[in-house]
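Trainee: I should like to learn how to read a model of this kind. May we go through its features in turn?

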Amino acid sequence: MTSYPTKLPRDLAPVLALLPQMTAESRRRLIGLSCLTDALALCLRLSAWDEAIGLYAAALPRREAVWWASLCCGLTAPQDQTLAALRAREAAECWVRRQDEESRRAAQAAAGAAEPAPEAWVAMAAFWSGGSIAPLGLSEVPPAPHLTATAVQGALGLAAIRPDPAQRVRWQTDFLSRADDIARGGDGRTNRGAP
């Protein structure tokens with residue numbers, strides 16, 4: 001028997017609370033389920049790749065979710081990627097390593113320069129991970145709890161279609177395999193095949 005992924009919560013309800021953009025149809029599919037892994041298994045059985053990605057984006061700890069998005073964006077990055085997009089991904093990865101206010105604010109600055117690349121969303125996911133989203137010197141304004149997951153989903157949605165929209169499902173299943181590896185304590189660099 002496979003052990004429960006150590007980085008994921010068991011309860012589905014708090015994960016769904018971090019997915020306000022999930023469609024009513026997707027939520028209906030999950031009625032009656034209380035365990036996150038049961039919801040993930042159902043999404044995978046139904047080939048509901050977007051929903052499964054959303055669940056992982058909301059369920060993984062923020063640090064791991066940002067790392068996952070950065071890793072996957074790197075996989076689909078074009079050879080002629082802009083320097084701004086590369087710097088945004090590097091800024092997000094710096095935050096993953098340090099998780100301090102300086103690296104979080106640097107990720108925000110890098111994100112602005114990288115729009116509309118998926119890497120901009122990765123950097124914003126790091127910025128929205130905590131702290132205040134108000135400009136320095138103003139009263140603190142915490143980010144809404146769902147923003148990191150939303151940004152991770154946005155990054156992965158764009159990254160999956162960037163190389164070739166026809167290969168979207170292939171990339172989504174690759175991304176999900178890496179998320180599962182991260183949830184089990186791995187670094188996501190080894191793709192263990194379709195989830």
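Mentor: We shall discuss confidence, cysteines and one helix. This is a predicted model, in which local features need pLDDT of at least 70, side-chain atom pairs count only at pLDDT 80 or more, and totals for chains, interfaces and linings use all residues. Residues are numbered from 1 along each chain as its sequence is written, and side-chain values use heavy atoms, without hydrogens and water.

Trainee: What is the mean pLDDT of the chain?

Mentor: pLDDT is the predictor's confidence in each residue, from 0 to 100. Here the chain has a mean of 93, with 96% of its residues at 70 or more. Among its elements, helix α8 (residues 118–127) has the highest mean, 98, and helix α2 (residues 24–29) the lowest, 92. Helices (H or I, at least four residues) are DSSP runs, numbered from the N terminus.

Trainee: How many disulfides are there?

Mentor: A disulfide is a covalent bond between the sulfur atoms of two cysteines. The test is a pair of cysteine sulfur atoms within 2.5 Å, and the count is zero. The closest cysteine sulfur to that of C35 lies in C43, 13 Å away, which is too far for a bond.

Trainee: Is C43 buried or exposed?

Mentor: Buried means under 20% relative accessible area, exposed over 50%, and partly exposed in between (1.4 Å probe, protein chains only). C43 is buried at 3%, and C35 is buried at 19%.

Trainee: Which elements do the buried residues of α7 pack against?

Mentor: They pack against α6 (83–98) and α8, where contact means heavy atoms within 4.5 Å. The buried residues of α7 include R104, A107 and A111.

Conventions
Helix = DSSP H or I, 4+ residues; strand = E, 2+ residues; numbered from the N terminus.
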